[in-house]
Amino acid sequence: MNEPELIRNMLRVTTKESPLTIAVIGLSEVTSKPSHYVSEYMQQHGYKIYPVNPSIQSVLGEKSYASLAELPIKPDIVNVFRLPKFIAAIVDEMLQLGLPNLWVQQGIVNLEAAARAEAGGIHVVMDRCIMVEHRRLPPAT
C-alpha cells in the first residue's frame with residue numbers, strides 16, 4: 001500500500017456512532033505543545049483520544065493512562081509524540097498487544113523501529129503530522 005492510501009485508510013471517516021480511536025503517547029497538558037493542539041484538533045474532528053502519559057491524570061477531558069497495555073480498548077491508531085529513542089519500546093508494546101497502526105509525528109524518525117513494526121504487520125506512517133494529513137483528506141461525501 002502506498003503512503004497516501006495508507007494515510008487515507010488510517011484516517012477513514014469517523015462518526016459519533018463509531019469514532020476512530022487514537023492513543024496519543026506523550027500527550028501534554030501544555031496547550032502550546034504540538035501534542036496538545038494536534039490531539040485537540042483530532043478530537044474536534046470526531047476522533048476519540050486516549051492520552052498515554054504516566055505523568056498526568058487527565059488532559060482534553062480524557063483520563064490519561066500510563067501505557068498502551070492499560071488502555072480499556074485497542075486503539076485504531078497509536079500516535080507518538082516522543083523522541084526517536086523511545087519508538088522501539090513502543091513498537092515492542094504494540095506487537096505484544098496486536099495493535100495495527102503506528103503514526104509517528106513530524107520530525108520524529110526511527111527507521112529501524114519502523115522496519116521492525118512493518119515486519120510484525122503494523123502499518124507505519126512516520127515523520128508526518130496527523131493533523132496536516134487529516135486536513136488534506138478530501139471532504140466526506
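In strand S7, Val125 is the bridge partner of Trp103. That pair is a way into this predicted model. Strand S6 covers residues 101–104. S6 and S7 pair in the parallel sense, over 4 bridges.

Two helices come in here. Helix H1, residues 3–10, packs on the sheet and touches strand S5 (77–80), S6 and S7. The direction of H1 makes about 105° with that of S7. Helix H4, residues 111–119, also packs on the sheet, touching S6 and S7. For H4, the angle with the direction of S7 is about 160°.

Now take the whole sheet. It is open and has 5 strands, in the order S2-S1-S5-S6-S7. The pairing is parallel. Strand S2 (48–52) and strand S7 (123–126) stand at the edges. Each has a single partner strand, so one side of each is left without a neighbour in the sheet. From one strand to the next, the twist averages 20°. As a general point, strands of a sheet pair through backbone hydrogen bonds, either parallel or antiparallel.

Move to the S2 end of the order. S1 and S2 run parallel and are joined by 5 bridges. Ala23 stands opposite Tyr50 in S2. Thr21 has Lys48 as its bridge partner in S2. How many of the residues of strand S1 are buried? The count is 5 of the 5 in residues 21–25, so S1 is largely enclosed by the rest of the structure. Thr21, Ala23 and Ile25 point one way from S1, while Ile22 and Val24 point the other way. Both sets are buried. S2 is mostly covered, with 4 of its 5 residues buried.

Strand S5 holds Asn79. Is Asn79 buried or exposed? Its relative accessibility is 2%, so Asn79 counts as buried. Setting aside neighbours within four places in sequence, Asn79 is in contact with Ile22, Ala23, Val24 and Ile25, among others. The contacts of Asn79 also include Trp103, Gln105 and Ile130. Trp103 is the residue whose bridge partner in S7 is Val125.

Gln105 is found in the loop between S6 and H4. With 4% relative accessibility, Gln105 counts as buried. Which residues does Gln105 touch, not counting those up to four places away in sequence? They are Val38, Asn79, Val80, Phe81, Asp127, Arg128, Cys129 and Ile130.

Asp127 leads on to the backbone. This residue sits in the loop between S7 and helix H5 (130–136). Its phi is near 65°, a positive value in a residue other than glycine. Asp127 has 37% relative accessibility and counts as partly exposed. Leu60 has a positive phi as well, about 55°, although it is not a glycine. Leu60 lies in the loop between strand S3 (58–59) and strand S4 (62–63). At 18% relative accessibility, Leu60 counts as buried, because the cut-off is under 20%.

Next comes helix H3, residues 87–97. Compare two of its residues. Met94 is found in H3, and so is Gln96. Met94 has 0% relative accessibility and counts as buried. Gln96 has 71% and counts as exposed. Beyond its neighbours within four places in sequence, Met94 is in contact with Leu68, Val78, Leu99, Asn101, Leu102 and Ile122. The C-alpha atoms of Met94 and Val80 are separated by 12 Å, with their positions 14 residues apart along the chain counted as the separation. For Gln96 and Asn9, 87 residues apart along the chain, the C-alpha separation is 23 Å.

H3 also takes part in a pocket. Rolling a probe the size of a water molecule over the atoms shows where empty space is left. The second largest pocket holds about 190 Å³ of space. Its lining counts 13 residues. Which of them lie nearest its centre? Ile25, Val52, Pro54, Ala66 and Arg82 do. H3 gives the most to this lining, with 3 residues. By class, the lining has 8 nonpolar, 3 polar and 2 charged residues. Ile25 ties the pocket back to the sheet: it is one of the buried residues of S1, and Asn79 is in contact with it.

Conventions:
Residues are numbered from 1 along each chain as its sequence is written. This is a predicted model: local features need pLDDT of at least 70, side-chain atom pairs count only at pLDDT 80 or more; totals for chains, interfaces and linings use all residues. Side-chain values use heavy atoms; hydrogens and water are left out. Two strands pair if DSSP finds at least two bridges between them. Axes are lines fitted to C-alpha atoms, for helices over the stretch in contact, and angles run from 0 to 180 degrees between N-to-C directions. Contact means heavy atoms within 4.5 Å. On a 1 Å grid over the protein atoms alone, a cavity is a set of points where a 1.4 Å probe fits but cannot get out, and a pocket is an open set with protein on both sides within 12 Å along at least five of seven lines; lining residues have an atom within 4 Å of a point. Grid points are joined across faces, edges and corners, and a volume is the space filled by probe spheres set on the points. Ala, Val, Leu, Ile, Met, Phe, Trp, Tyr, Cys and Pro count as nonpolar, Asp, Glu, Lys and Arg as charged, and the others, Gly among them, as polar. Buried means under 20% relative accessible area, exposed over 50%, partly exposed in between (1.4 Å probe, protein chains only).
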